[in-house]
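Please open the model in your viewer and keep the sequence panel beside it, since the stops below are given as residue selections.

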Amino acid sequence: MLNIKTEYHFKKIDPITKGWSSDKKYYVEAETGERLLLRTADASEYESKKSEFEAMKRLAESGIPMSKPLEFGVCEDDQVYTLFTWCEGDDAAEVLPMLSDTVQYELGLKAGRYLREIHSTQAPPDHEKWETKFNRKVDKKIQQYHDCPVKIDAGDLILEYIEANRHLLVGRPQTFHHGDYHVGNMVISETGELSVIDFNRHDFGDPWEEFNRIAFSASVSPYFATGQLDGYFSGRPPEAFFRLMGFYISSNMLSSIPWAMMFGEEEVATMKKQAKEVLGWFDGMKNPVPTWYLEDFYKGVKR
């Protein structure tokens with residue numbers, strides 16, 4: 001850590017072990033009293049980390065509460081590093097259940113508005129067509145699921161829904177993505193401010209695909225998840241959105257089981273439980289509007 005060429009002088013460096021990222025993460029305190037986030041990665045990731053740094057610089061200028069990028073460079077030990085401001089707060093997934101329903105919803109509204117701002121950057125014009133790109137991804141997910149010895153209860157309903165709705169991918173726009181947008185990548189401060197963290201999985205794609213992780217948020221707080229949709233769309237989402245959201249969540253569920261197999265029985269059990277929950281939300285994939293979407297809740301809340 002001392003091999004980083006930076007103007008900051010670190011007096012405290014604590015490893016952060018939470019999360020699934022391959023990056024090494026550290027909580028850092030500078031001698032000036034500033035609290036910072038340091039991320040390091042293998043030098044082979046130089047270009048992708050540089051792209052991430054530049055994308056986050058642009059986003060930070062929009063005013064979204066987030067870890068703001070400060071420095072990017074190469075360490076002497078063949079690593080690349082990025083230095084960010086530290087977002088004050090605790091894991092949103094842990095804080096939300098302790099708040100009132102209305103406050104949970106209002107924080108969801110903010111999350112939706114922040115996401116809409118994240119999606120304001122269009123993908124490069126030469127980007128591969130979305131239907132081609134995502135159908136290839138879906139084919140791979142289906143094959144991995146078939147090859148996996150563990151299956152989702154009533155998984156055939158998910159497979160049928162995916163096949164029946166592939167046509168929804170045609171002509172979809174593409175924008176910048178956070179890449180893993182859910183309450184596990186958000187923090188809430190003591191003053192109630194919501195901040196977004198961990199953009200390291202950013203990419204470009206259909207902006208509505210970004211809701212494929214909302215299942216994690218809905219499990220924690222239906223009020224927050226409802227608010228996120230209402231904040232993003234400034235009201236009730238269109239029916240076309242719900243059908244596509246179901247498609248993206250379904251395809252995510254298929255790949256979650258083979259992924260969980262790499263981490264042991266506990267993760268497999270967690271993903272199977274979530275798949276069962278998802279099938280319940282969508283009434284066996286017969287209703288595109290999930291049961292956690294509290295349609296009338298926003299009418300009594302100032303937006």
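Which residue in β5 is the bridge partner of P69? Select P69 and look across to β5, where F84 is its bridge partner. Before going further, note that this is a predicted model, in which local features need pLDDT of at least 70, side-chain atom pairs count only at pLDDT 80 or more, and totals for chains, interfaces and linings use all residues. Residues are numbered from 1 along each chain as its sequence is written, and side-chain values use heavy atoms, with hydrogens and water left out.

**The five-stranded sheet**

Stay with β4 and β5, which pair in the antiparallel sense over five bridges; two strands are said to pair if DSSP finds at least two bridges between them, and the elements themselves are DSSP runs numbered from the N terminus (helices H or I, at least four residues; strands E, at least two). The two strands form a hairpin with four residues between them, and D78 in the turn has a positive phi of about 60°.

Now widen the selection to the open sheet of five strands, whose order is β1-β2-β3-β5-β4 and whose pairing is antiparallel. At its edges stand β1 (10-16) and β4 (69-74), each with a single partner strand, so one side of each is left without a neighbour in the sheet. From one strand to the next the twist averages 25°, where angles run from 0 to 180 degrees between N-to-C directions and axes are lines fitted to C-alpha atoms, for helices over the stretch in contact.

Next, select residues 35-42 (strand β3) and residues 79-85 (strand β5), which are joined in the antiparallel sense by seven bridges; within this pair, T40 has Y81 in β5 as its bridge partner. Add helix α1 (residues 46-60), which packs on the sheet and touches β3, β4 and β5, its direction making about 165° with that of β4; contact here means heavy atoms within 4.5 Å.

**The three-stranded sheet**

Move to the open sheet of three strands in the order β6-β8-β9, again with antiparallel pairing. Strand β8 (residues 186-188) is joined to β9 by three bridges, and M186 stands opposite V196 in β9. Helix α3 (residues 101-118) packs on this sheet, touching β8 and β9, with its direction at about 35° to that of β9.

Beyond β9, select D198, which lies in the loop between β9 and β10 (203-205). Its phi is near 55°, a positive value in a residue other than glycine, and at 18% relative accessibility D198 counts as buried (buried is under 20% relative accessible area, exposed over 50%, partly exposed in between, with a 1.4 Å probe and protein chains only).

**Two helices and the loop before them**

Go to A154, in the loop between α4 (130-147) and α5, where phi is again positive, near 60°; with a relative accessible area of 37%, A154 is partly exposed.

Finally, select helix α5 (residues 155-164) together with helix α8 (residues 239-261): they pack at an angle of about 130°, with their axes 9 Å apart. The two are therefore oblique to each other, given that angles under 35 degrees count as roughly parallel, over 145 as roughly antiparallel, 65 to 115 as roughly perpendicular and the rest as oblique. To see the contact, display I158, L159, Y161 and I162 in α5, which meet residues of α8 including F242, R243, F247 and L254.
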